[in-house]
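Q: I'm new to this structure and would like to learn how to read it. Could you take me through it feature by feature?

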Amino acid sequence: MNWRPQSFEDFIGQSHVTKHLAAEVSASKARDRPVGNCLFYGEPGLGKTQVCEVLAHERGVNLIKLMGTTTTLQSLTSLFVEGRLGNDELPLTGWQRVGNKWSKVPGQKTAPAIILIDEADALPRPLWEVLYYAFEPADKRGRIIKLKYQGQMHDIWVPPVTFVVATNYAGDLPPAIQSRCPITKQFQPYNTDELCQMISQYAQSQGLRLTDEALVMLASRACGIPRTAKQFVDHTCLKAVDGQVTELAAKQTFDLLGIDHEGLDTACRAYLKALHDQGGKASEKTLGVCIGEDPKTIRNVIEPRLIRKGFVTIGAGGRLLTATGRQHITQTDENVVSRLM
Ligand SMILES: Nc1ncnc2c1ncn2[C@@H]1O[C@H](COP(=O)(O)OP(=O)(O)O)[C@@H](O)[C@H]1O
Ligand SMILES: [Mg+2]
């Protein structure tokens, strides 16, 4: 079974997020109102979706997941007009659909759903325009949005739900949406202790035993990202003996994956090498062309890791390689990359 936190208490790290959300959940339960809209942003793999699942669980409501990449006007219409998402009924505890209207189930507490818009930067602008009104602060009565449905504009009543918008970079979202999310949280990379706690529980759930040395090696090479740390654990199966992962097995796994002692993969090293070959200074565009990665991956995944390690800085003239970045790439270039070829 995949180990995943179910409560704010189980959730390791990001206490600035979970403490605030726990207080919001208590207040919203006491007032029988939805939690305010949330905006979660930060590098991929830091637990934004995971926190949202915990939030829904703690509030005792259903989580409806929309992906920015696949949501269409038709799916929004179907969600709000017909109360359906794909083949599923919109699962709103405490609300029932009567004819073409929603009404409260008499005698039941309102338990509004949470609608997560994941990878929100990919949601097309015209859909945000539909959603602006739905994002207005909700009271017990919900909000009205204007939607074109079967060729005509309709006033559609949206039940009092909480919207959670998750994205890697908040600046990609329309300002009108940002300002309608009173609970805005930036997710931070985790420290090695937090990652150690997380992956020892995860490894156990996978039937793997990590020695202390292997645990620290896996956690410290994950660049502060839980998803990366969990993937490392999954890969150690390749070298584990009878479910036991030693430091040697972890090291052999990293060699197989092409991950160096700083936790940098081939894409990060290709970026450093390209910057080095350009004389230590290059534009984002030039680097993208040199290493063949798309600008979003460079901005959201590669650069944050290299900047945190102090290998790269961003200046007026573009990206700059620091002295430690130069030292790292010239050493690993010879020692690691050539060995991996
Ligand atoms: N604090 C945490 N404790 C335990 N597991 C976590 C934590 N944060 C993230 N994870 C795990 O890491 C993976 C990536 O998390 P996810 O929520 O999908 O990240 P994001 O949405 O920010 O890209 C998931 O498997 C998730 O369960
Ligand atoms: Mg996510």
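Q: How many of the residues count as buried?
A: This is a predicted model, and 37% of the 341 residues in its protein chain count as buried. The chain holds 13 helices and 16 strands. As for contacts between residues at least 6 apart in sequence, 67% of them join residues at least 24 apart.

Q: What should I look for in the nonpolar core, and which residues have the most contacts inside it?
A: Start with the general idea: in soluble globular proteins, nonpolar side chains tend to be buried together. Here, the largest nonpolar core has 81 residues, and the ones with the most contacts inside it are Ile114, Val164, Val165, Ile199, Leu218, Ala229 and Tyr271. Helix α6, residues 192–205, gives the most to this core, with six residues.

Q: Let's take one of those. What does Val165 touch?
A: Leaving aside residues up to four places away in sequence, Val165 touches Leu39, Ile117, Ala120, Leu173, Ile177 and Cys181.

Q: Which residues are closest to ligand 1?
A: Ligand 1 is surrounded by 17 residues, and the closest are Gly47, Lys48, Thr49, Gln50 and Pro226. Two elements give two or more residues to this shell: α2 (48–59) and α8 (226–236). Sorted by class, the shell has eight nonpolar, five polar and four charged residues. Look at the domains too: domain 1 (15–186) and domain 2 (192–257) each supply at least three residues to the shell.

Q: Helix α8 came up there. Which of its residues are buried, and what do they pack against?
A: The buried ones in α8 are Pro226, Thr228, Ala229, Lys230, Phe232, Val233 and Thr236. They pack against α6, α7 (212–220), β13 (244–245) and α9 (247–257). You've met two of these residues already: Pro226 is among the closest to ligand 1, and Ala229 is among those with the most contacts inside the largest core.

Q: How do I read a sheet, and what is the strand order in the open one?
A: A general point to begin with: in a regular strand the side chains alternate between the two faces of the sheet. The open sheet here has three strands in the order β14-β16-β15, with antiparallel pairing. β14 (281–282) and β15 (312–315) are at the edges with a single partner strand each, so one side of each is left without a neighbour in the sheet.

Q: How many bridges join β15 and β16?
A: β15 and β16 (residues 318–321) pair in the antiparallel sense over four bridges. The two strands form a hairpin with two residues between them. To follow the pairing by eye, find Gly315, which stands opposite Gly318 in β16, and then Ile314, which stands opposite Arg319.

Q: What about phi angles? Which sign does Cys223 have?
A: In general, most residues other than glycine have a negative phi. Cys223 has a positive phi of about 55 degrees although it is not a glycine. Asp242 is another non-glycine residue with a positive phi, of about 50 degrees.

Q: Where are those two, and is each one buried or exposed?
A: Cys223 is in the loop between α7 and α8, and Asp242 is in the loop between α8 and β13. Cys223 counts as buried because it has 24 C-beta neighbours inside 10 Å. Asp242 has 5 other C-beta atoms within 10 Å, so it is exposed.

How values were computed:
Residues numbered from 1 in each chain as written. Chains lettered and ligands numbered in written order. Predicted model: local features only at pLDDT ≥ 70, side-chain atom pairs only at ≥ 80, totals over all residues. Core = buried A, V, L, I, M, F, W, Y, C linked by C-beta atoms within 7 Å. Buried ≥ 20, exposed ≤ 12 C-beta atoms within 10 Å, placed from the backbone. Contact = placed C-beta atoms within 7 Å. Near = placed C-beta within 6 Å. Nonpolar A, V, L, I, M, F, W, Y, C, P; charged D, E, K, R; others polar. Domains from an automatic or database assignment. Pairing = 2+ DSSP bridges.
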